[in-house]
Amino acid sequence: MTATRDMSQSRKAAASGWIGSALEYYDFFIYATAASLIFPQIFFPSDNPTVAIVASLATYGVGYVARPIGAFVLGHWGDTHGRKTVLIVCMFLMGTSTMAVGLLPTYQQVGVLAPILLVILRLVQGFAVAGEISGASSMILEHAPFGRRGFYASFALQGVQAGQILAAAVFLPLAAYMPTEAFNSWGWRIPFLLSFFVIVAGYIIRREVDETPAFAREGERGETPRAPIVEAIKLSWRDMLRVICMALMNVIPVVATIFGAAYAVQPAYGIGFAKDVYLWIPVLGNMLAVFVIPFVGNLSDKVGRKPPIIVGALLSGLLAFLYLYAISIKNVPLAILVSLLMWGVVYQGYNAIFPSFYPELFPTRTRVSAMAISQNIGTTITALLPALFATVAPPGSTNIPLTVGAIAFGITVIAALAAVTARETYRVSIDDLGNPEAVPMPRADYERQRADAASAAAAVRA
């Protein structure tokens, strides 16, 4: 009976992480899509198209500025009140703020008040999403069966990719079939207003998952920390620094879906990709990633977390050059093909692994805080890159693929070096995670216990 309940909770936790992440990142990425495709015209009109593009992409980065603040608050909440509670809070904040974006007046209607309100709501979005991945990853990891932490935790990121697919897929028919005037006037609002369903669906899903056994044991022993952030920084600052550097890998989705979209679509750059055509690039890449992620997560339970991250970082950084070059020569098939390889396959060597690797570097007491703070600092840095790219490689400049690609590759090298210096965690007992002196289980014992856990899970299913 206990084995059956444990397996049921493992699956519910994975499903909750998957669906919750999909819904929250649908909200987050419809903003990213709109910031590239439509916001420069309706919120930041300017006689200088470069100014409008930079201003719009900067508001995308503003959401990430709020993430470290959200990480401190929501990470503390997750380590002191539980993983389940913080995930429900994140869902309500994200859904409400995104729906409000769809109700905003434009610059033509209220002037400068429009972009001010947009920035405020983007700050709320960034605050809310800061606790999502760290909370969901910790919950899934702490519920996962023995030897399957990499596989189960990868579902949190599979949900993120699904959310991005949904975000672009909602825009596709609108961009393709609505008259431009109608789309610019009210059609762009539809994806944001649909976030009402995020609030309802998210609450229904997440209330069904129990608190994790690891957090519950700490509560029973009276060991819940009063100041997990202070404890995390004091005891785990080296690993937090490593996570900050590894999280710089967010440069790849920034290149693929944010700067790449502006470069390909905005008239000032002169490339001239149709909006509906370009939107298929991230959609197809994410569709492939949905299938690749669990495979890579499962692979990391066999070979370790570090090899996929290191290979994924370096190769995806190199492919950024080719992706931007394909856009520069206006070759849509090549751009799609390279996107599938860079974003859909190679980048997943990192993307599928960090939901297990990051929380495994920290102890239960401070896991959500340490991961949330360090990951969000890293992603905040990379989120400022779209505006930087548009500044150093503005419309009319030469060698845009080389300039932006060189910055992207340099950042992925930093991420790979951080992974090289980290300790391997996949064979460390869950009770020993976060202990730098922990000794990994011998491979033979690990494989045997993995096999036993898999047999028990199969018996439960039968």
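Contact here means heavy atoms within 4.5 Å. Keep that cut-off in mind at the first stop. The model is predicted.

**Stop 1: H14 against H21**

Select helix H14, residues 228-246. Then add helix H21, residues 367-383. On the H14 side, pick Pro 228, Ile 229, Ala 232, Met 240, Val 243 and Ile 244. They meet Ser 369, Ala 370, Ile 373, Ser 374, Gln 375, Ile 377 and Gly 378 in H21. Colour this contact by class: 9 residues are nonpolar, 4 are polar and none is charged.

Now look at the geometry. Two packed helices are described by the angle between their axes and the distance between the axes. For H14 and H21, the angle is about 45 degrees and the axes lie 9 Å apart. Angles from 35 up to 65 degrees fall in the oblique class, so H14 and H21 are oblique to each other. The crossing of H14 past H21 is right-handed.

**Stop 2: H4 against H7**

Move to helix H4, residues 67-81, and helix H7, residues 113-129. Their axes cross at roughly 45 degrees and come within 7 Å. H4 and H7 are therefore oblique to each other. H4 passes H7 in a right-handed crossing.

Show the side chains next. From H4, select Arg 67, Ile 69, Gly 70, Val 73 and Leu 74. From H7, select Gly 126, Phe 127, Ala 128 and Val 129. These residues make the contact. By class, 6 are nonpolar, 2 are polar and 1 is charged.

**Stop 3: the largest cavity**

Switch to a view of internal space. How many cavities of 30 Å³ or more does the structure hold? There are 3. Go to the largest cavity, which holds about 200 Å³ of space. Select Leu 157, Asn 250, Tyr 347, Asn 351 and Phe 354. Of the 19 lining residues, these lie nearest the centre of the cavity.

Which helix gives the most to this lining of the largest cavity? Highlight H9: it gives the most, with 4 residues. H9 spans 149-177. Helices H1 (2-37), H19 (348-351) and H21 also supply at least two residues each. H21 was part of the first stop, where it meets H14. Colour the lining of the largest cavity by class to find 12 nonpolar, 6 polar and 1 charged residues.

**Stop 4: the second largest cavity**

This cavity has a volume of about 130 Å³. Its lining is made of 14 residues. Select Phe 29, Thr 33, Ala 168, Thr 257 and Pro 282, the closest to its centre. Four helices give two or more residues to the lining: H1, H9, H15 (251-265) and H16 (275-303). In this lining, 10 residues are nonpolar, 4 are polar and none is charged.

**Stop 5: the second largest pocket**

Finish at a pocket. The second largest pocket holds about 150 Å³ of space. Start with Val 292, Val 296, Leu 299 and Val 303, which are among its lining residues. Add Pro 307, Pro 308, Val 311, Gly 312 and Leu 315, also in the lining. Complete the selection with Val 345, Val 346 and Gly 349.

Now show the helices around the pocket. H16, H17 (306-328) and H18 (332-346) each supply at least two lining residues. H17 gives the most, with 5 residues. What is the split by class in this lining? It is 10 nonpolar and 2 polar, with no charged residues.

How values were computed
Residues are numbered from 1 along each chain as its sequence is written. This is a predicted model: local features need pLDDT of at least 70, side-chain atom pairs count only at pLDDT 80 or more; totals for chains, interfaces and linings use all residues. Side-chain values use heavy atoms; hydrogens and water are left out. On a 1 Å grid over the protein atoms alone, a cavity is a set of points where a 1.4 Å probe fits but cannot get out, and a pocket is an open set with protein on both sides within 12 Å along at least five of seven lines; lining residues have an atom within 4 Å of a point. Grid points are joined across faces, edges and corners, and a volume is the space filled by probe spheres set on the points. Ala, Val, Leu, Ile, Met, Phe, Trp, Tyr, Cys and Pro count as nonpolar, Asp, Glu, Lys and Arg as charged, and the others, Gly among them, as polar. Axes are lines fitted to C-alpha atoms, for helices over the stretch in contact, and angles run from 0 to 180 degrees between N-to-C directions. Angles under 35 degrees count as roughly parallel, over 145 as roughly antiparallel, 65 to 115 as roughly perpendicular and the rest as oblique. A crossing is left-handed if the near helix is turned anticlockwise from the far one by less than a right angle, and right-handed if clockwise.
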